[in-house]
Amino acid sequence: MLWQMFWTFNKIGAFTLGGGYAMLPIMEKEIVDKHQWLSREEFMDILAVSQSMPGLFAMNMASHIGYKLRGLWGGIVGTMGVALPSIVSILLIAMFFQAFKDNIYVEKIFRGVRPAVVALIAAPVFTMAKTAKLNRRNCWIPIVACILIAAFGVSPIWIILAAGLGGFVYGKINP
């Protein structure tokens with residue numbers, strides 16, 4: 001299973017542009033739907049923990065999923081699998097950057113990729129809303145969080161801490 005996990009995370013890392021959030025739809029499809037290594041709820045729990053931890057989001061997700069599946073070696077294999085394509089890409093870009101940094105075709109390719117990356121980042125929002133059982137009674141929470149972050153510059157750290165505390169208090173009041 002470690003080998004299969006490595007190749008799965010390697011594929012996720014190799015075919016995703018735009019960082020960790022852009023990886024979410026592919027990661028969810030591979031981990032939850034295709035391999036059924038985790039339930040959707042387990043995936044969402046790991047997503048929540050990974051978002052609130054320091055470090056690279058994709059690495060956090062891969063290490064948590066790998067650790068849950070196969071312990072310490074699973075965490076290492078998951079992390080290496082998702083990181084290896086980026087490491088190789090960065091090394092290749094560094095080696096040849098001067099040769100194509102002003103290339104008009106490369107610039108046009110990246111201009112075309114940017115909107116697709118926005119869609120890849122936005123798509124998990126709808127999936128997460130369904131999994132989080134967002135409804136008309138609790139939809140105010142992400143709306144207020146977005147307004148606080150975007151309009152008032154509140155740090156996402158405070159939003160996460162407040163949401164965690166609110167969930168804890170709510171759980172104590174309504175067991």
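Q: What makes a stretch of this predicted model count as a helix in the pattern α-α-α-α-α-α-α?
A: A helix is a DSSP run of H or I with at least four residues, numbered from the N terminus. Reading along the sequence gives α-α-α-α-α-α-α, with 7 helices and 0 strands. Helix α1, for example, covers residues 2–14, so this run meets the cut-off of at least four residues.

Q: How do you know where confidence is highest and where it is lowest?
A: Good thing to ask of a predicted model! The score is pLDDT, the predictor's confidence in each residue, from 0 to 100. Helix α1 has the highest mean, 94, while helix α5 (residues 104–131) has the lowest, 81. For the protein as a whole the mean is 88, and 99% of the residues reach 70 or more.

Q: What makes a residue part of the lining of the largest pocket?
A: A lining residue has an atom within 4 Å of a pocket point. By that rule 38 residues line the largest pocket, and those nearest its centre are Gln51, Ile141, Pro142, Ala145 and Ala163. Two or more lining residues come from each of α2, α3, α5, α6 and α7. Helix α7 gives the largest share, 10 residues. The volume of this pocket is about 1,800 Å³.

Q: Why are residues in that lining called nonpolar, polar or charged?
A: The class follows from the residue type: Ala, Ile and Pro are among those that count as nonpolar, so Ile141, Pro142, Ala145 and Ala163 fall there, whereas Gln51 is polar. The whole lining has 27 nonpolar, 8 polar and 3 charged residues.

Q: Which residues lie closest to the centre of the second largest pocket?
A: They are Gly13, Thr16, Gly19, Met23 and Ser86, out of 25 that line this pocket. Its volume is about 530 Å³. Helices α1, α2, α4 and α5 each give two or more residues to the lining, and α4 gives the most, with 11. By class, the lining has 17 nonpolar, 7 polar and 1 charged.

Q: Why is the group with Leu2 and Tyr67 called a nonpolar patch?
A: Patch residues need over 30% relative accessible area, and nonpolar side chains are joined within 5 Å. Leu2, Tyr67, Leu72, Trp73, Ile76 and Met80 form such a patch on the surface, so they are grouped under that rule. Together they have about 650 Å² of accessible area. Helix α4 gives the most to the patch, 5 residues, and Ile76 is found in that helix.

Terms used:
Residues are numbered from 1 along each chain as its sequence is written. This is a predicted model: local features need pLDDT of at least 70, side-chain atom pairs count only at pLDDT 80 or more; totals for chains, interfaces and linings use all residues. Side-chain values use heavy atoms; hydrogens and water are left out. On a 1 Å grid over the protein atoms alone, a cavity is a set of points where a 1.4 Å probe fits but cannot get out, and a pocket is an open set with protein on both sides within 12 Å along at least five of seven lines; lining residues have an atom within 4 Å of a point. Grid points are joined across faces, edges and corners, and a volume is the space filled by probe spheres set on the points. Patches are made of residues with over 30% relative accessible area and no salt bridge: like charges are joined within 9 Å, nonpolar side chains (Val, Leu, Ile, Met, Phe, Trp, Tyr) within 5 Å. Accessible areas come from the Shrake-Rupley method with a 1.4 Å probe; for residues, only the protein chains shown count as cover. A salt bridge is a side-chain nitrogen of Lys or Arg within 4 Å of a carboxyl oxygen of Asp or Glu.
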